[in-house]
Amino acid sequence: MLDIGRLRALHAVSVHKTVGAAAEALGYTPSAVSQQITKLERETGTTLLERQGRGIRLTDEAHQLAATTSRLLALMEEAEVRLEERRGKPAGRLAIGCFPSAARGLMPRALAELTRRHPDLDVRLSEVDTHLSVDLVARGVIDLAVAHDWDIAPLPAPPGVDQAVVGDDLCDILVPREHPLAARESVRREELAGERWISQPPGSVCHDWLVRTLRATGYEPLIVHQAGENHTQVALVAAGLGIALVPRLGRGALPPEVAPIHLDPMPKRRLHAMWRTGAARRPAIRETVRTLQTLWPSIATPA
């Protein structure tokens, strides 16, 4: 009989494309994942990984075995859900993927609350981009994603994935304290033409929203600096290098060199919890979603 741990290692490599990324997702070292797959090759008498330049590729046999493993893991999840459901309380391991500002501003309190109230629940958090986390849920790599979207760019749940709204996160325009707009309480989007913008990199949800929204007002935004971390964007604004649209969740206190301004209408992003449909009955999923929704009003900053 094939070893499930070795099959899981192969499946992780097929999902994440590299041994290093698979090891990070599983919480192992790359050498441990390589050893598991080497043992699986001996077990099956089949070559599963081949060198390709500086990387590796899965053989046809490995792809077939990984596909079968995916179905096997789904059956195991179903068995675990039924057992946990019979016990009637959250238990076992729960892998959560979450985008950075929610990992900083929301999840510490949520995880502490879950740990305090449910000692049999082993929650593991990974910081993951929104689009990646939803895909990881769909493929069974993580159990729950905390993701976000914007009003003009909704994030649909893929087939086999359910979702619930956690709450709305408001966003402000941040400008240097000496900026001509700094004394204003609010500003309309049309008034921001010609400004030098600090934004997240292309491909991110926040960058796409900014570009699409400003283009709709009739001008192309001038993005002069790109930074993935909101704290870095705040630091660049404080240095007088541009303005930025930054959500409030996880932002923390602003330095004195930065002034927040309401953008009229005020943009917001909506936070969602997403999980596989087959795991919807799992008490750990239901309790985690309930905890996130209950905590949100005390965490969200009002307008």
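**Exercise 1. Find the residues with the most contacts inside the largest nonpolar core, then work out which elements build that core.**

Solution. Start with the core itself: the largest nonpolar core holds 30 residues, and those with the most contacts inside it are Ile 96, Leu 106, Met 107, Val 146, Leu 249, Leu 271 and Leu 292. Next, look at who supplies it. Strands E3 (92-98), E4 (121-127), E5 (144-150), E6 and E12 each give at least two residues, and so do helices H5 (100-105), H6 (107-117) and H10 (283-299). H10 gives the most, with seven residues. Keep in mind that this is a predicted model.

Now zoom in on one member. Setting aside neighbours within four places in sequence, Leu 249 touches Phe 99, Ser 101, Ala 102, Gly 105, Leu 106, Asp 169, Arg 269, Leu 271, Trp 296 and Ile 299. Finally, don't miss the other core: apart from the one above lies a core of 20 residues, including Cys 171, Ile 173, Val 187 and Ala 259.

**Exercise 2. Work out which strands pair with E6, and in which sense.**

Solution. First, place E6: this strand covers residues 161-176, and twelve of its 16 residues are buried. Then take its partners in turn.

- Strand E12 (residues 268-276) pairs with E6 in the antiparallel sense, over nine bridges. For a landmark, try Leu 170, whose bridge partner in E12 is Lys 268.
- Strand E10 (residues 243-247) also runs antiparallel to E6, joined by four bridges. Here Cys 171 has Pro 247 of E10 as its bridge partner.
- Strand E11 (residues 258-264) pairs with E6 over four bridges, antiparallel once more. Look for Ile 173 standing opposite Ile 261 of E11.

Two of these landmarks should ring a bell: Cys 171 and Ile 173 are among the residues of the 20-residue core.

**Exercise 3. Track down the cis peptide bond and say where its proline sits.**

Solution. As background, most peptide bonds are trans. Step along to Asp 264 and Pro 265: a cis peptide bond joins them, with omega about 0°. Then place the proline: Pro 265 is in the loop between E11 and E12. Both of those strands are familiar from the last exercise, where E11 pairs with E6 and E12 pairs with E6 too.

**Exercise 4. Decide why Thr 69 counts as buried, and what it touches.**

Solution. Locate it first: Thr 69 is in helix H4 (residues 60-87). Now the accessibility. The cut-off for buried is under 20% relative accessible area, and Thr 69 counts as buried because its relative accessibility is 1%. Then list its contacts: beyond neighbours within four places in sequence, Thr 69 meets Leu 7, Arg 8 and His 11. To get a feel for distance, pair it with Ala 244: the two are 175 residues apart in sequence and 45 Å apart in space, C-alpha to C-alpha.

**Exercise 5. Sum up the whole chain in a few numbers.**

Solution. Count the elements: ten helices and twelve strands. Then the extent: along its principal axes, the C-alpha trace spans about 70 × 50 × 30 Å. For burial, 46% of the 303 residues count as buried. For contacts, take those with a separation of 6 or more; 76% of them come from residues 24 or more positions apart. The accessible surface is about 15000 Å², with 52% of it belonging to carbon and sulfur atoms. Last, charges: there are 37 positive and 36 negative ones, and their mean positions lie 4 Å apart.

Technical notes. Residues numbered from 1 in each chain as written. Predicted model: local features only at pLDDT ≥ 70, side-chain atom pairs only at ≥ 80, totals over all residues. Heavy atoms only, no water. Buried < 20%, exposed > 50% of the residue type's maximum accessible area, 1.4 Å probe, protein only. Pairing = 2+ DSSP bridges. Contact = heavy atoms within 4.5 Å. Areas by Shrake-Rupley, 256 points an atom, 1.4 Å probe, with all protein chains shown as cover. Lys, Arg positive; Asp, Glu negative; His and termini not counted. Charge placed at Lys NZ, Arg CZ, Asp CG, Glu CD. Core = buried A, V, L, I, M, F, W, Y, C linked by side-chain atoms within 4.5 Å.
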